[in-house]
Amino acid sequence: MSQVIAGVDIGNSSTEVALARVDEGKVEFLAQHLTKTTGIKGTVDNVSGIRFALKSAAEKAGISFSDIKKIRVNDAVPVIGDLAMDVISETLITESSMIGHNPDTPGGTGLGIGMTLHLDDLRSNAENGQAYIVVIPAKADYEWAAHMINEAYDRGVKIAGAIAQKDDGVLIYNRLHCKIPIVDEVAYIEKVPLGKQSAVEVALPGHVIRTLSNPYGLATVFGLTPDETRQIAPVARALVGNRSAVVIRTPQGEVVERRIEAGRLILHGRKSRIEVAINDGAEEIMRSIERAGGLINVQGEMGTNVGGMLNGLRQYLSESTGQPFADISIGDLLATDVLIPVSVSGAMAGELSMESGVALASMVKTERMPVERVAQALEKELGIPVEVGGVEAEMAIRGALTTPGTEKPLVILDMGGGSTDAAAVSEGGETISVHLAGAGDMVTMLIDAELALHSRELAEKVKKNPLGKVMSLFHMQLEDGTMLFSESPFPPDVYGRVVIREEKELVPLPVKLSMEKVRAVRRSAKRRVFVTNAIRALAYIVPTKNIRHLSFVVMVGGSALDFEIPQMVTEELGKYGIVAGFANVRGTEGPRNAVATGLVLSVAREVVG
């Protein structure tokens with residue numbers, strides 16, 4: 001008897017549906033649809049997204065929603081990524097405040113040292129013989145600011161430098177009788193303490209400052225002891241590479257920062273229990289996971305960053321799935337080193353310092369019950385029988401085998417949003433699979449953290465699209481060095497900016513980073529996650545644990561559509577003599593829809609018996 005079957009693959013990022021008519025074991029695929037997953041993968045929040053995908057697929061197939069007689073969903077496992085910061089090198093400053101940004105238009109050059117004095121106090125409080133750094137608020141017009149400074153200078157007051165809130169550095173400098181360094185565009189100028197010893201340095205265009213970015217230069221300027229020099233070293237490090245900077249010495253204790261340790265991971269493995277500090281770095285963490293002999297659970301040291309991260313993850317999943325907190329365990333971790341821009345205490349213009357940290361993606365073990373709840377909720381809402389299908393990787397193999405030119409034995413690498421799976425099927429049909437933490441979502445998280453975008457949506461665009469830099473209204477430099485000429489002018493708001501080249505739109509990046517830097521971060525994040533996980537996953541499914549014993553690997557999943565990831569994985573596997581390529585499911589769908597297709601085929605096989 002002919003009936004319409006729906007296969008539903010719930011992923012971390014997207015939900016895919018395949019609709020097919022099954023008649024005595026013969027399968028005719030009618031339509032497919034992809035939509036964003038609603039809620040955490042494997043929870044009842046997924047129901048609304050599944051309903052939308054099913055209705056959209058039914059419309060494409062030209063059938064009524066009620067024509068669907070059975071729905072089979074994959075056995076989804078929630079995966080959540082989070083970031084564990086390593087704070088051992090976190091900047092701790094109690095002696096100085098600092099401004100070290102790169103304004104577009106600082107005025108003058110050189111180094112100026114003196115006491116900070118508000119512009120309004122130049123007439124009443126300035127003393128002859130004392131050098132001053134003049135603090136100029138936004139309300140002061142550049143003509144007035146220059147007039148006030150010239151008047152004081154002509155009166156015999158020594159003016160050593162200036163700090164301006166607006167971008168008036170050059171305009172003020174050009175009107176001065178005394179040529180001084182001026183740092184401008186200091187957004188939070190009201191935070192600049194007055195009456196304090198300070199130093200202003202501006203380098204020539206194309207050069208960087210040398211005194212304030214050197215701990216011993218700061219020691220010379222402020223007359224510091226060796227202990228004080230060690231304490232102020234983070235300030236100097238944060239200023240390296242800047243064209244201009246201001247450092248203001250403040251009384252001890254005015255800037256206070258609390259330190260929270262990164263903490264230790266407690267790995268409960270099948271062979272042993274191992275403790276490893278986050279500060280030891282990602283490489284040591286991954287070696288410890290391997291020595292533990294397969295993770296049963298992972299805990300984080302209480303009262304530390306990693307303890308808070310893992311417990312927060314458990315709490316979130318406990319609330320989402322309804323399972324007791326103690327029953328949530330972590331079955332896999334992927335750790336990778338990151339350099340994260342962090343705000344520096346004492347900074348007054350939003351300055352950042354690059355600090356090392358460790359990013360973690362966690363694979364959470366859940367019982368079958370949450371996915372059963374999804375099936376029950378879906379069946380109740382739609383009035384269509386819903387059942388939970390087999391292991392996700394096995395369904396992906398079924399779907400991948402519809403790729404022209406493939407046959408058993410076969411090895412697949414399923415690169416999705418939350419996890420990287422690998423599965424192998426022998427000529428006799430025996431399968432082995434592994435489910436590892438870390439995939440596309442972790443790449444997005446790394447890009448967001450390392451570029452300080454503070455927007456997952458923007459980081460996702462950086463991940464998925466190439467870059468360009470708009471050089472003029474009609475031409476753009478692409479990231480491979482070639483030039484793109486346009487017949488129509490580019491929008492004026494992207495002129496001189498690094499942009500994300502979406503298919504129909506140019507999205508300017510809101511950060512002052514070179515195109516080469518953004519590209520390097522993007523490619524490094526993909527390599528650290530997908531290349532690392534591809535090797536880990538394939539090693540797991542090879543009986544000899546030596547991936548050189550593999551010959552062919554077929555890549556499936558949404559991340560196999562990326563414009564860089566398949567090439568990176570192919571190049572790496574090529575070093576082991578492995579031929580890799582991405583699937584073309586059913587000869588039409590590319591690497592997408594493998595699991596949903598496999599779910600439909602598994603139903604058809606049961607019909608035949």
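At 26% relative accessibility, Glu185 counts as partly exposed, because that value falls between the 20% limit for buried and the 50% limit for exposed. In this predicted model, Glu185 sits in the loop that links β10 (182–183) to β11 (197–202). Its phi is near 60 degrees, a positive value in a residue other than glycine.

His454 also has a positive phi, about 60 degrees, although it is not a glycine. This residue belongs to the loop between α11 and α12. With 73% relative accessibility, His454 counts as exposed, since exposed means over 50%. As background, most residues other than glycine have a negative phi, and most peptide bonds are trans.

A cis peptide bond is found between Lys408 and Pro409, with omega at about -5 degrees. Pro409 is placed in the loop between α10 (392–400) and β19 (410–415).

Thr250 is another loop residue, located between β12 (244–249) and β13 (264–269). Its relative accessibility is 3%, so Thr250 counts as buried, the cut-off being under 20%. The C-alpha atom of Thr250 is 7.7 Å from that of Pro193, and the two residues are 57 apart along the chain.

The accessibility values of three of these residues are set out below.

| Residue | Relative accessibility | Class |
|---|---|---|
| Thr250 | 3% | buried |
| Glu185 | 26% | partly exposed |
| His454 | 73% | exposed |

Helix packing is described for α13 (residues 515–541) and α14 (residues 565–574). Their axes are 10 Å apart and form an angle of about 50 degrees. The two helices are therefore oblique to each other, because 50 degrees is neither under 35 degrees nor within the 65 to 115 range for roughly perpendicular, nor over 145. The crossing of α13 and α14 is right-handed.

The second largest pocket has a volume of about 1200 Å³. Its lining consists of 49 residues, and those nearest its centre are Asn12, Ser13, Ser14, Gly417 and Asp441. Divided by class, the lining holds 16 nonpolar, 18 polar and 15 charged residues. Several elements each supply at least two lining residues: the strands β2 (14–23), β3 (26–36), β5 (79–84) and β20 (419–425), together with the helices α11 (440–450), α12 (456–464) and α15 (594–608). Both α11 and α12 are thus among the contributors to this lining, and the loop between them is the one that holds His454.

Definitions and conventions: Residues are numbered from 1 along each chain as its sequence is written. This is a predicted model: local features need pLDDT of at least 70, side-chain atom pairs count only at pLDDT 80 or more; totals for chains, interfaces and linings use all residues. Side-chain values use heavy atoms; hydrogens and water are left out. On a 1 Å grid over the protein atoms alone, a cavity is a set of points where a 1.4 Å probe fits but cannot get out, and a pocket is an open set with protein on both sides within 12 Å along at least five of seven lines; lining residues have an atom within 4 Å of a point. Grid points are joined across faces, edges and corners, and a volume is the space filled by probe spheres set on the points. Helices (H or I, at least four residues) and strands (E, at least two) are DSSP runs, numbered from the N terminus. Ala, Val, Leu, Ile, Met, Phe, Trp, Tyr, Cys and Pro count as nonpolar, Asp, Glu, Lys and Arg as charged, and the others, Gly among them, as polar. Buried means under 20% relative accessible area, exposed over 50%, partly exposed in between (1.4 Å probe, protein chains only). Axes are lines fitted to C-alpha atoms, for helices over the stretch in contact, and angles run from 0 to 180 degrees between N-to-C directions. A crossing is left-handed if the near helix is turned anticlockwise from the far one by less than a right angle, and right-handed if clockwise.
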